Amino acid sequence: MKNLTFPDNFLWGGAISANQAEGAYLEDGKGVAVSDVLTGGLYGSKLSEPVGKLPSHEAIDFYHRYKEDIALFAEMGFKCFRTSIAWSRIFPNGDEETPNEKGLQFYDQLFDELIKNGIEPVVTISHYELPLGLADKYNGWANRRLISLFEKYSKVLFERYKGKVKYWMTFNEINSILVHSFTSGGIRDKEDTNAIYQAAHNQFVASALAVKACHEIIPDGKIGCMIFYSPTYPFTCAPDDVMTSVTKEREYYLFSDVQVRGEYPAFTKRLFKEKNIHIEVTKDDLDILKNYVVDYVGFSYYMSRTVSAQPEGKKEVGGNMAKGIKNEFLEISDWGWEIDPVGLRIAVNRLYDRYQLPLFVVENGLGAVDILENDTVEDDYRINYLKQHLIQLAEAIKDGAEVIGYTSWGPIDIISASTGEMKKRYGYIYVDKDNEGNGSLKRYKKKSFYWYKEVIRSNGLSLFE
């Protein structure tokens with residue numbers, strides 16, 4: 001069975017986002033994005049315009065150093081590399097008539113370098129970097145105008161890179177708009193629930209139109225959705241706790257159901273009634289959603305969450321968007337995120353049972369404090385974390401789920417999305433930069449670099465040795 005775990009064509013690799021790695025935030029005609037005006041991380045405070053030098057403005061300078069980094073990914077044996085395109089590099093304000101050629105050229109060069117090194121590009125069209133102009137001018141995705149603007153942007157990408165990029169995803173962690181409305185949707189009023197659900201609907205329609213365009217322009221292309229997914233456990237076996245876990249998990253399924261099944265799930269009616277939500281949905285919208293569903297389900301997995309019908313007085317924990325009651329059976333990371341490898345197996349089984357579509361684990365990793373000594377990092381804690389998760393992924397594949405790939409989050413240290421700092425590191429490659437922006441940006445291979453290289457070389461067999 002070990003030999004049958006990971007398929008021969010399994011896409012091993014790593015994942016980053018443009019806004020956390022590229023830097024060069026106003027170079028070569030790039031416009032300002034929502035990610036360029038946030039302090040304290042992508043989920044931090046909001047500013048009207050960039051003030052001072054924020055960590056993301058330089059990030060790890062991937063914009064200028066991508067060849068060096070891709071060479072390291074190739075040395076590890078990456079089969080694929082997931083990144084995103086910064087919308088504001090292509091359309092600086094989001095609604096220009098013509099795209100920025102220098103921005104298009106950068107991604108041409110990036111994808112060429114990946115292909116030259118035998119690495120398949122996996123590209124997210126929008127990953128927390130909506131052009132700020134669209135947030136200011138239209139209140140972001142709350143305005144239906146963004147549907148056509150996103151469709152235009154997507155078509156430009158498909159036409160330009162149709163010979164280079166086969167695997168696409170539309171919106172990164174699309175369900176994050178419920179928690180981080182500005183980061184994910186360009187909406188400043190996080191209390192405007194109606195606007196947030198309208199924005200989500202508009203993103204659904206835009207995503208479906210991108211699926212349509214991708215299939216027309218790139219006939220052999222594969223385009224998926226991408227959700228944040230955290231399997232939800234009841235705190236006890238009391239029926240009220242179990243029902244609470246069902247209700248909370250439906251928060252995720254709303255977003256994947258629409259994109260995979262092409263229609264809103266039945267429980268949405270009660271949800272919208274109880275929240276007093278009234279959104280504009282046209283018949284054309286419903287037809288588009290039904291006719292253009294995704295080819296696969298991409299998702300991030302970092303932790304599970306535990307919920308209770310009576311949370312009062314119980315210790316709370318959380319990470320990313322998974323907030324709940326402390327699970328006494330789980331350890332926590334340096335940043336308080338619960339560590340649950342079996343939760344990945346549960347996640348894969350639940351999603352595959354529900355959709356019977358190929359799954360792609362496009363984010364999973366451990367943010368930790370790394371100490372560079374003698375030009376390396378002895379990060380056995382990261383190796384153990386990833387090994388245990390990959391063993392559970394192997395179990396999920398044995399369970400019958402079709403999984404096409406695994407891209408660990410942050411194969412190279414980048415700016416943390418949740419905190420905006422460098423101290424929280426995920427990578428196999430250490431980048432010499434601190435929270436204040438000091439450092440040479442020199443790259444160093446960690447112990448995990450060589451461990452992951454062997455995992456890929458053996459197609460996962462080394463996990464069981």
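Two strands count as a pair when DSSP finds at least two bridges between them. Keep that in mind as you open this predicted model, because strands pair through backbone hydrogen bonds, either parallel or antiparallel.

**Stop 1: the barrel**

Turn on the cartoon view and look for the strands. Here 8 strands close into a barrel, in the order β1-β4-β5-β6-β7-β9-β15-β16, and the pairing is parallel. On average, neighbouring strands of this sheet are turned by 25° against each other, direction ignored.

**Stop 2: where β1 meets β16**

Select residues 11-15 for strand β1 and residues 403-409 for strand β16; they pair in the parallel sense over 5 bridges. Now show W12 as sticks. Which residue of β16 stands opposite W12? Y406 does.

While you are here, add residues 447-457. This is helix α15, which lies across β1 and β16 and runs at about 150° to β1.

**Stop 3: along β15**

Move to β15, residues 359-363. How many of the 5 residues of β15 are buried? The count is 5 of 5, and the strand is mostly covered.

Look to each side of this strand in turn. Strand β9 (residues 296-300) is joined to β15 by 4 bridges, and the two run parallel. V297 has L359 in β15 as its bridge partner. Between β15 and β16 there are 3 bridges, again with parallel strands, and L359 stands opposite V403 in β16.

**Stop 4: the loops around β15**

Just before the strand, select Q356, found in the loop between α13 (341-355) and β15. Its phi is near 50°, a positive value in a residue other than glycine. Why point that out? Most residues other than glycine have a negative phi.

Go next to the loop between β15 and α14, where N374 lies. N374 is not a glycine, yet it has a positive phi of about 55°. Is N374 buried or exposed? Its relative accessibility is 77%, so N374 counts as exposed.

T376 is found in this loop between β15 (359-363) and α14 (380-398) too. Show its side chain, which reaches the backbone oxygen of K445 at 2.9 Å. Leaving aside neighbours within four places in sequence, T376 is in contact with I371, K445, K446 and K447.

**Stop 5: three helices to compare with a ruler**

Begin with α7, residues 145-161. At 1.5 Å a residue, its 17 residues should span 24 Å, and the end C-alpha atoms are 25 Å apart, which agrees. Colour the buried residues of α7, among them L146, I147, F150, Y153, S154, L157 and Y161. As you look down the helix, remember that an α-helix has 3.6 residues a turn, so residues three or four places apart point the same way.

Helix α9, residues 193-217, is next: its 25 residues reach 36 Å from the first C-alpha to the last, close to the 36 Å expected. In α9, 20 of the 25 residues are buried, so the helix is largely enclosed by the rest of the structure.

Now try α3, residues 62-76. A straight helix of 15 residues would span 21 Å, but α3 spans only 18 Å between its end C-alpha atoms. Where is the kink in α3 centred? Select E68, the centre of a kink of about 40°. The buried residues of α3 include F62, Y66, D69, I70, F73 and M76. Step past the end of the helix to G77, which follows α3 and has a positive phi, near 95°.

**Stop 6: two residues with distant partners**

Select D108 in helix α5, residues 101-116. At 12% relative accessibility, D108 counts as buried because the cut-off is under 20%. D108 and K164 are 56 residues apart in sequence, while their C-alpha atoms are 8.4 Å apart in space. Not counting residues up to four places away in sequence, D108 touches R160, Y161 and K164.

Finish at Y252 in helix α10, residues 239-261. Y252 has a relative accessibility of 4%, so this residue counts as buried. I227 is 25 residues from Y252 in sequence and 7.5 Å from it in space, C-alpha to C-alpha. Display the residues that Y252 touches, beyond those up to four places away in sequence: N175, F228, Y229, S230, T232 and R305.

How values were computed
Residues are numbered from 1 along each chain as its sequence is written. This is a predicted model: local features need pLDDT of at least 70, side-chain atom pairs count only at pLDDT 80 or more; totals for chains, interfaces and linings use all residues. Side-chain values use heavy atoms; hydrogens and water are left out. The expected span of a helix is 1.5 Å times one less than its number of residues. The bend at a residue is the angle between axes fitted to the seven residues ending there and the seven starting there. Buried means under 20% relative accessible area, exposed over 50%, partly exposed in between (1.4 Å probe, protein chains only). Contact means heavy atoms within 4.5 Å. Axes are lines fitted to C-alpha atoms, for helices over the stretch in contact, and angles run from 0 to 180 degrees between N-to-C directions. A polar contact is a pair of N or O atoms within 3.5 Å; within protein, one must be able to donate a hydrogen and the other to accept it, and residues adjacent in sequence count only if both atoms are side-chain atoms.
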